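Me: I am new to reading protein models, and I would like to go through this one slowly, one question at a time.

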Amino acid sequence: MTNPQRIASGAFGLLLSACASLPPSQIDPQHWQMSGRIGLWQNQQQESGQLSWLQCGNHYSKIRLTGPVGVGGAEIISTADGASVDYRGEHHRAANAETLAADIGWPLPVSALRFWLRGQAAPDAPLSAKLSASGQLSELQQYGWHIQFSRHSDSTDALPKSIDARRDELRLKLIIKTWRDAQQECQP
């Protein structure tokens with residue numbers, strides 16, 4: 001490889017690594033995308049897979065769940081007009097994503113989860129919380145769920161790296177791999 005090719009290749013590698021690891025403060029809180037692993041335990045049953053979440057403001061989200069090896073899955077799209085799911089070759093609509101998630105066996109508070117993923121309480125809902133020494137949310141009780149957050153660092157703007165949430169016989173575990181700013185994906 002010639003010297004200019006090495007420089008270009010190195011610069012491209014640095015650019016890719018910089019995009020993949022934007023500091024949390026540089027990710028728009030209204031337009032973001034995350035990916036990671038998700039596990040759900042219900043009584044003695046466990047399901048796990050990959051999760052990809054695109055959030056575009058208050059009125060659009062696309063949540064993609066895929067099986068452990070990328071097989072199967074569901075895609076839930078929420079808009080101001082309601083929600084739809086594509087699951088097992090069928091398309092269904094409902095008033096909200098929570099209804100559709102429950103219909104496919106994932107009874108989760110999707111509208112609250114959008115905030116919990118970022119280490120925040122859902123707005124306008126009663127809560128009980130514990131803060132870390134740096135003032136970050138470390139535990140939260142909301143909508144009957146008890147949520148614990150683990151963060152990448154102790155700075156005040158660090159996003160969670162994992163979330164463990166429990167309610168009755170349900171347990172949800174999220175391990176977040178990547179955060180990206182999604183302003184470009186959210187453009188009409």
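Reply: Before we count anything, it helps to fix a term: a salt bridge is a side-chain nitrogen of Lys or Arg within 4 Å of a carboxyl oxygen of Asp or Glu. Please also keep in mind that this is a predicted model.

Me: With that cut-off, how many salt bridges does a search of the whole structure find?
Reply: The cut-off asks for a nitrogen and an oxygen within 4 Å, and one pair that meets it is glutamate 185 with arginine 180, whose closest N and O atoms are 2.6 Å apart. Searching the whole structure in this way gives a total of 3.

Me: Which residues are joined into one network by salt bridges that share partners?
Reply: Arginine 166 meets aspartate 164 in a salt bridge with an N to O distance of 3.7 Å. Arginine 171 also forms a salt bridge with aspartate 164, here at 3.0 Å from N to O. Because salt bridges with shared partners are joined through a carboxyl and side-chain nitrogens within 4 Å, the network consists of Asp164, Arg166 and Arg171.

Me: Is aspartate 164 buried or exposed?
Reply: The limits are under 20% relative accessible area for buried and over 50% for exposed. Arginine 166, at 43%, is partly exposed, and arginine 171, at 23%, is partly exposed as well. Aspartate 164 has a relative accessibility of 12%, so this residue counts as buried.

Me: Which parts of the chain does the disulfide of cysteine 56 and cysteine 186 tie together, and how many residues apart are they in sequence?
Reply: The structure holds 1 disulfide, in which the sulfur atoms of cysteine 56 and cysteine 186 are 2.0 Å apart. The angle about the S-S bond is -75°, and the link is left-handed. Cysteine 56 lies in strand β2 (residues 45-56) and cysteine 186 in the segment after β11 (170-181), so the parts tied together are separated in sequence by 130 residues.

Me: Are the two cysteines, cysteine 56 and cysteine 186, buried or exposed?
Reply: A residue needs a relative accessible area under 20% to be called buried. Cysteine 56 has 13% and falls under that limit, while cysteine 186, at 18% relative accessibility, also counts as buried.

Me: Which strands stand at the edges of the sheet?
Reply: The 11 strands form an open sheet with antiparallel pairing, in the order β6-β5-β4-β3-β2-β1-β11-β10-β9-β8-β7. An edge strand has a single partner, so one side of it is left without a neighbour in the sheet, and this holds for β6 (90-94) and β7 (128-131).

Me: In β10, which residue is the bridge partner of isoleucine 147?
Reply: Strand β9 (residues 145-151) and strand β10 (residues 160-167) run antiparallel and are joined by 6 bridges. Within β10, isoleucine 147 is paired with alanine 165.

Me: Which residues touch the most other members of the largest nonpolar core?
Reply: Nonpolar side chains tend to be buried together in soluble globular proteins. Tryptophan 116 shows what such contacts look like, since residues it touches, leaving out those up to four places away in sequence, include Leu140, Trp145, Ile147 and Phe149. Among the 40 residues of this core, those that touch the most other members are Trp116, Leu117 and Leu172.

Notes. Residues numbered from 1 in each chain as written. Predicted model: local features only at pLDDT ≥ 70, side-chain atom pairs only at ≥ 80, totals over all residues. Heavy atoms only, no water. Core = buried A, V, L, I, M, F, W, Y, C linked by side-chain atoms within 4.5 Å. Buried < 20%, exposed > 50% of the residue type's maximum accessible area, 1.4 Å probe, protein only. Contact = heavy atoms within 4.5 Å. Disulfide = S-S within 2.5 Å. Helix = DSSP H or I, 4+ residues; strand = E, 2+ residues; numbered from the N terminus. Pairing = 2+ DSSP bridges.
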